Amino acid sequence: MTGSIAAIGMGLAVIGAGIGVGNIGGKAMEAIARQPEAVGDIRANMILTAALVEGAALIALLLSYLAA
Amino acid sequence: MRFYQLPIYKSLLFSILFAISVLPSIGQDQGQNPAHRDTSSKAADTQHDANTDASHTAPGEHETHHEFDPAATAFHHISDQNIYSIGPFNLALPCLLYTSGKGWDIFSSSRFGFDAFGHGDGKVAYNQFVLHEGQVMRVVDANFPSGEVQIENFTHKEATNNKGKKIEVPYVVYQDREYLLDKKSTADGGLFGGGVTSFYDFSIGKNALSMLIVCLLLGWMFIRIARAYANNPGRAPKGIQNLIEPIIIFLRDEVAKPFIGAKWEKFFPFLLSLFFFILGLNLFGQVPFFGGSNVTGNLSVTMVLALLAFILTTINGNKHYWQHIVWMPGVPAWVKIILTPVEILGVFIKPLTLMLRLFANITAGHMTLVVFVSLIFIFGKSGQNVGASLGASIGSGLLSIFMMAIELLVAFIQAYVFTLLTASYLGAATEEHHHTEEKHH
């Protein structure tokens with residue numbers, strides 16, 4: 001299997017996005033536990049923020065395609 | 001899209017493989033021939049090639065000079081094809097091929113004489129076109145005879161592309177000579193290993209047919225629902241209305257109204273179309289043994305969807321939207337100099353991530369499923385170890401069911417996320433100006 005330094009870069013970006021999405025999910029759970037009546041708003045904003053963080057990982061994916 | 005030349009995806013796949021089980025290393029580079037770049041050379045090892053029978057069915061016997069390669073199998077199964085497979089049966093699809101300098105070739109892919117059960121390798125070449133692994137390819141060599149010609153089989157060789165990267169090149173064997181094959185042109189400008197080749201494929205392939213089926217299904221369903229509302233105004237919904245009405249109300253109250261604001265009604269039809277189109281295709285791709293189409297996991301499809309969102313955002317952007325991009329009010333001048341390029345980049349990055357998110361999620365799901373099924377062939381050493389493959393079949397079946405359950409969830413989440421983000425971009429573009437410190441993205 002031919003490796004690529006771009007694959008390592010992609011992996012690092014995924015670590016960053018993973019930490020970010022994990023934080024968002026954790027904090028959203030805390031918020032829902034504190035305020036169960038706001039679950040709808042929190043969920044929508046959680047998914048929106050997670051999607052934006054995921055965007056960074058996706059750009060890294062594209063750039064690693066270009067570099068590979 | 002030909003992604004299987006990319007080491008990054010192979011690495012991703014292999015990390016999945018290693019994470020779920022302790023496996024002996026899967027050699028891919030064993031016993032491969034050195035690069036042959038000439039278009040037609042004598043078949044070096046005829047006995048070798050005789051093993052590569054075109055009528056095989058097990059993916060494990062894909063290439064005899066390889067061990068089973070799960071990455072290549074996965075990429076083969078997620079790509080668009082010129083045949084439609086229902087279970088093990090292959091059905092022919094129309095081929096519309098344009099060759100520069102030669103014109104159009106329009107025929108049915110049944111002309112290639114592929115097996116009803118099998119892997120989509122044609123036994124006949126037609127007008128220098130052949131069917132290899134379900135995809136139409138063209139013989140580069142002009143000396144190859146036109147019209148219908150019986151061909152022997154296909155081989156693969158390793159070559160180096162103009163970027164210096166090792167790639168696998170398909171060859172067709174005809175009268176003991178090997179002829180280089182061209183894949184169809186792709187519009188990626190060589191980004192993903194594709195580019196303009198000697199022909200263009202405008203066929204109604206597997207993906208296009210799936211898309212048509214889904215559009216017809218959705219059209220039929222929604223016209224029926226709309227009629228039901230028109231005929232029984234004010235009555236309680238019944239039948240399929242009960243399924244769709246809560247989804248539409250959810251999208252209206254949780255997506256369109258809060259994210260777009262006052263002008264939500266103008267964009268709501270677009271958002272609903274996006275949501276149900278993506279959801280329909282995601283779910284259709286989940287149906288086992290029915291084409292296994294990967295439409296929303298195709299960059300061209302997601303690109304068009306993202307482009308629609310981009311065009312709508314751009315033409316509906318009001319003065320404040322552009323002002324916030326070009327010259328952000330309320331920040332010092334030196335910050336504006338940094339901010340403006342970032343904001344302008346952001347205009348293009350938003351649809352780009354929309355496109356990639358849907359594509360990556362659906363493709364990754366489909367590939368993981370194929371790799372789980374591949375475990376049977378990896379453990380069973382392509383049929384040599386029956387006991388191990390039986391054991392792996394049970395494990396693989398359970399893992400696949402688990403993965404399909406997750407994919408069902410992902411189908412809904414990705415359709416929702418695409419709609420939600422499009423709504424938020426449209427909302428940002430049409431938002432009326434309230435105060436200078438307004439959120440700008």
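A residue is called buried if 20 or more other C-beta atoms, placed from the backbone, lie within 10 Å of its own, exposed if 12 or fewer do, and partly exposed in between. This is a predicted model, where local features need pLDDT of at least 70, side-chain atom pairs count only at pLDDT 80 or more, and totals for chains, interfaces and linings use all residues. Residues are numbered from 1 along each chain as its sequence is written, while chains are lettered from A and ligands numbered from 1 in the order in which they are written.

**First stop.** Select Ile248(B), in helix α5 (residues 241-260) of chain B; helices here are DSSP runs (H or I, at least four residues), numbered from the N terminus. Ile248(B) is partly exposed, because 16 other C-beta atoms lie within 10 Å. Now add Pro94(B): its C-alpha atom is 37 Å from that of Ile248(B).

**Next, a helix pair.** Show α4 (residues 206-231) and α6 (residues 264-284) of chain B, which pack at about 120° with axes 10 Å apart. That angle makes α4(B) oblique to α6(B) (not under 35 degrees, over 145, or from 65 to 115). Among the contact residues (C-beta atoms within 7 Å) are Met211(B) and Leu218(B) of α4(B) and Phe276(B) of α6(B).

**Last, the core.** Select Ala256(B), Leu271(B), Phe275(B), Ile278(B), Phe418(B) and Ala423(B), which touch the most other members of the largest nonpolar core, a group of 52 residues. Such a core joins buried Ala, Val, Leu, Ile, Met, Phe, Trp, Tyr and Cys residues through C-beta atoms within 7 Å. Helix α10 (residues 386-430) of chain B gives the largest share, 12 residues.

How values were computed. Helix = DSSP H or I, 4+ residues; strand = E, 2+ residues; numbered from the N terminus. Axes fitted to C-alpha atoms, helices over the stretch in contact; angles between N-to-C directions. Contact = placed C-beta atoms within 7 Å.
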